[in-house]
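Trainee: I'm new to this one, so could we go through it together?
Mentor: Sure, have a look first and then ask away.

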Amino acid sequence: MKFYYSDRQNLHAPATFLLRGKPAPSPEGPVRAEILLAEMAQLGITLSEPDGLTSTENEARLRERLARIHTPRYLNFLETIHARWREMPGASEVVAPNVHPCAGGRQYPDHPIGQAGWHLHDMACPIGPDSFAGILASAATAEAAALSVVQGEASAYALCRPPGHHAGPEQIGGFCYLNNSALAATVLREKYDRVAIVDVDLHHGNGTQDIFYRRSDVWTGSLHADTREFYPFFWGQDNETGEGEGKGFNVNIPLPLGSDGAVFCQALEQLLERLDQFRPQAVVVALGLDAHKDDPLAGLMLETSDFQRIGERLAKLQLPTVLVQEGGYPTEALGNNLAAFLNGFRGT
Ligand SMILES: [Zn+2]
């Protein structure tokens, strides 16, 4: 199994986010990568550096792929907003809009506050001076892992942070800016006609759903805590099945808050039965580890051993697979949960 990560990802290091209306330390920081890296070293899986940012040519290739899943104005916003924000007299250190087009805006504004309000779904996603470089490096990690699978590796793990599955065509949300899982699927589509994304994160992968909602070439499925009572709140129900060409190619299975591993694994079975009808040729696993019972975002009650079962089940698909790190926040169990998943997946 190939394994990709770049230290440049740490350039994005948000200090705080807004929790129940109050600033709190962000759980999505470089310490997550440290924990997961230590676990990978323990497992003896060799680290490779992604090459997406090592030359102008490679970076152009990465940006061209990102432009297939995000809008040009959104990519431009991500890259330029911090500098434009700081030019405003008395502006905060990080981008923090105070106005949003809740009822759906009719025009895309020119002003940095208006643009930030347009693109930011929530207040969990501060943008600092070096954030874009770190966010782009995380995308390059997903790209490299997917390229290795296209070139013949059976599977690869991308240690992406910041994560990506809440990022839509032009929406930031839930610690996510560029959709790394969607990017990995985009790379796989260069070789395979039918690609699936299976999202096992605690949260609904609303960004991924949005990106592929009208497409039948990338199937998307998500298991998550019921969004009637849980983030991201406005998407994630089972009647969201896709539109137009994409009708029937999006599957959501919301689970009651506090569900355990038995309920989760049964729902995974249902999800994979639906996936089977799609006859996928390659798969991206949006690998969130935050469904664990000790995770600070507490919504489901999985044990570490459940991640092993999930890994075993996904390995049975016997498909070329890119594992893209999504959520999973610092606890004693975080590293063990990754190891359990990978042991199950690799059959060790
Ligand atoms: Zn999550």
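**Salt bridges and cores**

Mentor: Let's start with Arg-63, which forms a salt bridge with Glu-59, their closest N and O atoms being 3.0 Å apart. A salt bridge here is a side-chain nitrogen of Lys or Arg within 4 Å of a carboxyl oxygen of Asp or Glu. Keep in mind that this is a predicted model: local features need pLDDT of at least 70, side-chain atom pairs count only at pLDDT 80 or more, and totals for chains, interfaces and linings use all residues. Residues are numbered from 1 along each chain as its sequence is written, and side-chain values use heavy atoms, with hydrogens and water left out.

Trainee: What separates Arg-63 and Glu-59 along helix α2?
Mentor: Helices are DSSP runs (H or I, at least four residues), numbered from the N terminus. Helix α2 covers residues 56-66, and the two sit four residues apart in it, so the separation is about one helical turn.

Trainee: Which residue in helix α3 forms a salt bridge with Arg-63?
Mentor: This pair links distant parts of the chain, 16 residues apart, with Arg-63 in helix α2 and its partner in helix α3 (residues 72-86). The closest N and O atoms are 2.9 Å apart, and the partner is Glu-79.

Trainee: In the salt bridge of Asp-226 with Arg-228, is Asp-226 buried or exposed?
Mentor: Buried means under 20% relative accessible area, exposed over 50%, and partly exposed in between (1.4 Å probe, protein chains only). Arg-228 has 65% relative accessibility and counts as exposed. Asp-226 is at 9%, so this residue counts as buried.

Trainee: How many salt bridges does the structure hold?
Mentor: Some of them join up: Asp-51, Arg-61, Glu-64, Arg-65, Arg-68, Glu-143 and Glu-190 are linked in a network. The total for the structure is 20.

Trainee: Which helix gives the largest share of the largest nonpolar core?
Mentor: A nonpolar core is a set of buried Ala, Val, Leu, Ile, Met, Phe, Trp, Tyr and Cys residues joined through side-chain atoms within 4.5 Å. The largest has 56 residues, and Leu-66, Ile-172 and Val-322 touch the most other members. Its largest share is 11 residues, from residues 131-150, which form helix α5.

Trainee: How many residues are in the second, separate core?
Mentor: In soluble globular proteins, nonpolar side chains tend to be buried together. This second core includes Tyr-5, Leu-300, Leu-314 and Phe-345, and its size is 45 residues.
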